[in-house]
2 protein chains.
Amino acid sequence: MFTKVLVAEDYEIANQGIIRILEEEIGIQNIEEAKYCDDAYMKFRKAYREQDAFELLITDLSFRADHKVQTRTSGLELIEDVRSIQPDIKVIVYSQENRPDKINMLFDKFEIDGYVCKGQNAVKELISCVEGVYQDTIMLPPELASDPDAAPMIHLDDIDIILLEELAKGYTKKEIRIKLKELGISPNGESYIDKKVSKLFDDFKAKNTTHLIAIVKDLGLV
Amino acid sequence: MFTKVLVAEDYEIANQGIIRILEEEIGIQNIEEAKYCDDAYMKFRKAYREQDAFELLITDLSFRADHKVQTRTSGLELIEDVRSIQPDIKVIVYSQENRPDKINMLFDKFEIDGYVCKGQNAVKELISCVEGVYQDTIMLPPELASDPDAAPMIHLDDIDIILLEELAKGYTKKEIRIKLKELGISPNGESYIDKKVSKLFDDFKAKNTTHLIAIVKDLGLV
DNA sequence: ACATCTCGTACAGATATCTGTATGGACATC
DNA sequence: GATGTCCATACAGATATCTGTACGAGATGT
């Protein structure tokens with residue numbers, strides 16, 4: 001089993017709860033906790049530098065802002081930063097997020113190893129998730145694993161994501177086309193972008209750009 | 001102090017935590033709990049019918065969907081339904097929501113009496129909130145109370161809300177104008193709507209409709 | 001080697017958005 | 001009663017959106 005685990009979770013009670021489960025139910029000795037993403041990153045760096053790296057990171061997604069100014073405000077940034085240094089570290093996300101598209105995005109884009117949904121059965125789920133991840137299994141939450149084709153997943157490529165993000169920032173398609181060109185991202189043809197967005201309309205059953213952005217915002221995809 | 005309180009919160013641990021505080025820290029004897037909005041409503045109706053009504057409702061906003069099919073899926077609906085029967089019941093919302101605009105909206109539109117943010121200091125905040133609400137004080141969370149003019153609040157009237165909601169559903173302004181006319185809501189002139197939306201652009205510093213909807217979605221206003 | 005399909009691009013027309021100006025009524029202030 | 005300020009509406013023009021057709025380049029299959 002894992003011997004050294006880092007827990008990043010700002011909500012103190014939940015933090016203690018996770019530690020208690022790791023210690024008493026799973027029997028992990030060496031657990032460190034952090035209430036802020038930056039603190040978590042510092043502990044991670046220190047352990048890595050001292051050749052005593054963490055094997056598993058359990059992190060929340062959203063961290064409340066408070067008086068302490070943080071460079072990282074989201075678990076996603078923490079995951080990216082940690083993975084850029086130690087790519088093979090296992091990552092389990094523990095969050096209240098329950099939107100399938102968002103959770104799938106975490107596995108697709110951030111290549112997390114497991115996801116546990118805060119809620120009624122979080123204890124049982126967390127235990128089996130940690131055990132599964134230790135066996136190199138990708139541990140989908142039961143909600144997703146049980147009916148994998150319940151919602152026909154929409155696959156978004158990189159350009160789709162960029163388009164959605166830029167549209168949400170209020171840029172026109174022309175401005176986006178110019179941006180893409182400047183950044184050397186291709187394809188960037190005018191009507192290719194139109195086509196891409198039209199396809200997104202079909203996929204999400206949106207009537208127009210505004211509706212599309214409202215839908216993907218609700219889904220938490222951007 | 002309150003003698004009879006109803007707690008609606010689906011996350012069991014939090015639910016028990018609230019009850020423990022109400023009992024041991026504040027000394028309230030008669031507390032009932034519910035994990036579902038519908039259950040909470042049933043308990044409320046029963047107590048009201050039996051002339052033994054609740055004096056205070058403490059409720060979460062979001063309730064997880066599970067196998068039990070619910071007619072109410074949000075604390076907001078619960079508040080509306082409860083208030084329509086017993087308008088003078090005190091309501092405290094206990095949620096992880098921390099967006100000032102959204103919380104302000106709860107006070108403005110749902111006339112809640114207090115708000116407690118899930119988090120580090122939730123225990124202290126909950127105690128003072130319950131005590132304040134008992135004294136007929138409107139208990140803003142400390143984040144909002146401390147700097148009331150930190151974010152210059154944008155006042156949205158009914159038409160603004162309707163416009164934002166309909167735009168988010170993908171209706172064009174022309175369609176919205178016709179809808180308003182059919183519903184007998186006025187003003188509904190073509191350029192009045194244009195002007196209203198333009199003002200929203202200014203208020204939220206949005207470049208266009210799509211950007212506007214992205215912003216208000218992020219703020220949780222729709 | 002040929003047909004077929006997808007991908008990326010170009011163009012064009014109908015519709016919608018956004019911004020500006022103009023007009024008349026309601027209301028208050030002086 | 002004259003003046004200015006909102007409020008609600010109308011109209012108009014430049015820009016953007018959305019949809020459809022068309023065309024070449026490359027990949028795929030048979």
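Which residues come nearest to DNA strand D? Here are my notes, starting with that point; please keep in mind as you read that this is a predicted model.

1. **Around DNA strand D.** The residues that come nearest are N208(A), P187(B), G189(B), S191(B) and Y192(B), out of 18 around this strand. Both protein chains appear in that list, with N208 from chain A and the other four from chain B. Looking at secondary structure, α8 (173-182) and α9 of chain A, together with α9 of chain B, each give two or more residues to this surface. The largest share comes from α9(A), with five residues. If you are thinking in terms of residue classes, the surface near DNA strand D divides into four nonpolar, nine polar and five charged residues.

2. **Around DNA strand C.** Here, too, 18 residues surround the strand, and the closest are P187(A), G189(A), S191(A), Y192(A) and N208(B). The elements supplying at least two residues each are α9 (190-204) of chain A and, from chain B, α8 (173-182) and α9 (190-204). Of these, α9(B) gives the most, namely five residues. The class breakdown of the surface near DNA strand C is four nonpolar, nine polar and five charged.

3. **Where the two protein chains meet.** Chain A puts 19 residues into the contact and chain B puts in 19 residues. On the chain B side, α7 (158-168) and α10 (209-219) each supply at least two residues. The element that gives the most to that side is α10(B), with six residues. By class, the side of chain B that touches chain A holds six nonpolar, eight polar and five charged residues.

4. **Chain A as a whole.** You will find ten helices and five strands in chain A. Its length is 222 residues, of which 31% count as buried. Among the chain A contacts with a separation of 6 or more, 61% are between residues 24 or more positions apart.

5. **The sheet of chain A.** How are the five strands of chain A ordered in the open sheet? The order is β2-β1-β3-β4-β5, and the pairing is parallel. At the edges stand β2 (30-34) and β5 (114-117) of chain A; each has a single partner strand, so one side of each is left without a neighbour in the sheet. From one strand to the next, the twist averages 15°. Helix α2 (residues 37-49) of chain A packs on this sheet, where it touches β1 (4-8), β2 and β3, and its direction makes about 165° with that of β1(A). Helix α5 (residues 122-134) of chain A lies across β4 and β5, running at about 175° to β5(A).

6. **Strand pairs worth a look in chain A.** Strand β3 (residues 56-59) and strand β4 (residues 90-95) of chain A run parallel and are joined by four bridges. Within β4(A), V93(A) is the residue that stands opposite T59(A). Four bridges also connect β4(A) with β5(A), again in the parallel sense. There, Y94(A) has V116(A) as its bridge partner in β5(A). Together with helix α4 (residues 100-109) of chain A, β4(A) and β5(A) make a right-handed β-α-β unit.

7. **Side chains of β5(A).** Which way do the residues of β5(A) point, and are they buried or exposed? G114(A) and V116(A) point one way, while Y115(A) and C117(A) point the other way, and all are buried. Recall that β5(A) is one of the edge strands of its sheet.

8. **The sheet of chain B.** Chain B has an open sheet of five strands in the order β2-β1-β3-β4-β5, with parallel pairing. Its edge strands are β2 (30-34) and β5 (114-117) of chain B, each of which pairs on one side only. On average, and ignoring direction, neighbouring strands of this sheet are turned by 15° against each other. Strand β1 (residues 4-8) of chain B pairs with β2(B) over five bridges in the parallel sense. In β2(B), E32(B) stands opposite L6(B). Helix α5 (residues 122-134) of chain B packs on the sheet and touches β4 (90-95) and β5; its direction makes about 175° with that of β5(B).

Notes:
Residues numbered from 1 in each chain as written. Chains lettered and ligands numbered in written order. Predicted model: local features only at pLDDT ≥ 70, side-chain atom pairs only at ≥ 80, totals over all residues. Near = placed C-beta within 6 Å. Nonpolar A, V, L, I, M, F, W, Y, C, P; charged D, E, K, R; others polar. Contact = placed C-beta atoms within 7 Å. Pairing = 2+ DSSP bridges. Axes fitted to C-alpha atoms, helices over the stretch in contact; angles between N-to-C directions. Buried ≥ 20, exposed ≤ 12 C-beta atoms within 10 Å, placed from the backbone. Right-handed = clockwise from strand over helix to strand, strands pointing away.
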